[in-house]
Amino acid sequence: MPVHARVLGAGELGAELGERATLVQFSSAFCQPCRATRRTLAEVAGMVDGVAHIEIDAERHLGLVRELDIVKTPTVLVLDGRGRIVRKAAGQPRKADVIAALGHAV
């Protein structure tokens with residue numbers, strides 16, 4: 001199944017999805033760009049009603065990492081309101097890019 005056809009739920013992610021969209025961040029303990037990504041995604045989620053930010057420790061969720069083909073941290077998935085993956089990007093995102101990606105989800 002292609003990653004963009006995949007639907008994720010609260011059971012897999014360990015937290016409730018946002019009503020309109022969810023920003024899912026895969027991180028690792030010693031990843032410096034992950035810290036900046038966490039701040040960026042939390043800020044965007046705080047600005048847009050109905051958007052949640054969920055951070056997942058990649059090392060503790062290796063099955064999901066393999067299933068979704070996560071190869072580096074940080075990797076960000078943008079989910080629509082139903083949990084369908086609409087965007088996937090690796091590396092530290094710019095705030096403007098996150099906001100633009102949300103436009104495809106809401």
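What follows is a friendly set of questions and answers about this predicted model.

User: Let's start with the cysteines. Which residue does Cys31 join in a disulfide?

Analyst: A disulfide needs two cysteine sulfur atoms within 2.5 Å. One pair passes that cut-off, with S to S at 2.2 Å, and the count comes to 1 disulfide. The link is right-handed, with 85° about the S-S bond. The partner of Cys31 is Cys34.

User: Is Cys34 buried or exposed?

Analyst: The cut-off for buried is under 20% relative accessible area. Cys31 is at 8%, so Cys31 is buried. Cys34 has a relative accessibility of 1%, so this residue also counts as buried.

User: Moving on to helix α2, how far apart are its end C-alpha atoms, and what span should its residues give?

Analyst: Helix α2 takes in residues 32–47, which makes 16 residues. At 1.5 Å a residue they should span 22 Å, and the end C-alpha atoms agree with this at 24 Å apart.

User: Where do the buried residues of α2 lie around the axis, and what arc do they cover?

Analyst: The buried set is Cys34, Ala36, Thr37, Thr40, Leu41, Val44 and Ala45. Their arc is small enough to put them on the same side of α2. An α-helix has 3.6 residues a turn, so residues three or four places apart point the same way. The arc is only 165°.

User: Which residues are exposed on the other side of α2, and which elements do its buried residues pack against?

Analyst: On the other side, the exposed residues are Gln32, Arg39 and Gly46. The buried residues instead pack against β1 (21–27), β2 (51–57), β3 and α4 (95–102).

User: How many residues of β1 are buried?

Analyst: In a regular strand the side chains alternate between the two faces of the sheet. On one side of β1, Ala21, Leu23, Gln25 and Ser27 are buried, and on the other, Thr22, Val24 and Phe26 are too. Both faces are covered, and the number of buried residues is 7 of 7.

User: How does β1 run relative to β2, parallel or antiparallel, and what is the bridge partner of Ser27?

Analyst: The two strands are joined by 7 bridges, and they run parallel. In β2, Ser27 has as its bridge partner Asp57.

User: What about β3 and β4: which residue in the turn of their hairpin has a positive phi?

Analyst: Strand β3 (residues 75–80) and strand β4 (residues 85–90) run antiparallel and are joined by 5 bridges. One of the pairings is that of Thr75 with Ala90. The hairpin has 4 residues between the strands, and the one in the turn with a positive phi, about 95°, is Gly83.

User: Which residues of α4 are buried, and what arc do they cover?

Analyst: In α4 the buried residues are Val98, Ala101 and Leu102. Their directions put them on the same side of α4, because the arc is only 105°. What covers them includes β1, α2, β2, β3 and β4. To restate the value asked for, the arc is 105°.

User: And after α4, how far is Ala105 from Val78, C-alpha to C-alpha?

Analyst: Ala105 sits in the segment after α4 and is buried, with a relative accessible area of 11%. Leaving aside neighbours within four places in sequence, its contacts include Val78, Leu79 and Val86, along with Arg20 and Ala21. Although Ala105 and Val78 are 27 residues apart in sequence, in space their separation is 7.1 Å.

User: Now the start of the chain. Which side chain has a polar contact with that of Arg6?

Analyst: Arg6 is in the segment before α1. With a relative accessible area of 12%, it falls under the 20% cut-off and is therefore buried. A polar contact of 2.4 Å joins its side chain to that of Glu67.

User: Finally, which backbone nitrogen does the side chain of Glu12 reach, and at what distance?

Analyst: Glu12 belongs to helix α1 (residues 10–13), and is partly exposed at 32% relative accessible area. Leaving aside its neighbours within four places in sequence, its contacts are Arg6, Val7 and Leu64. Its side chain reaches the backbone nitrogen of Gly9 at 3.0 Å.

How values were computed. Residues numbered from 1 in each chain as written. Predicted model: local features only at pLDDT ≥ 70, side-chain atom pairs only at ≥ 80, totals over all residues. Heavy atoms only, no water. Buried < 20%, exposed > 50% of the residue type's maximum accessible area, 1.4 Å probe, protein only. Contact = heavy atoms within 4.5 Å. Polar contact = N/O pair within 3.5 Å; in protein donor to acceptor, adjacent residues only side chain to side chain. Pairing = 2+ DSSP bridges. Expected span 1.5 Å × (residues − 1). Arc of directions from axis to C-beta.
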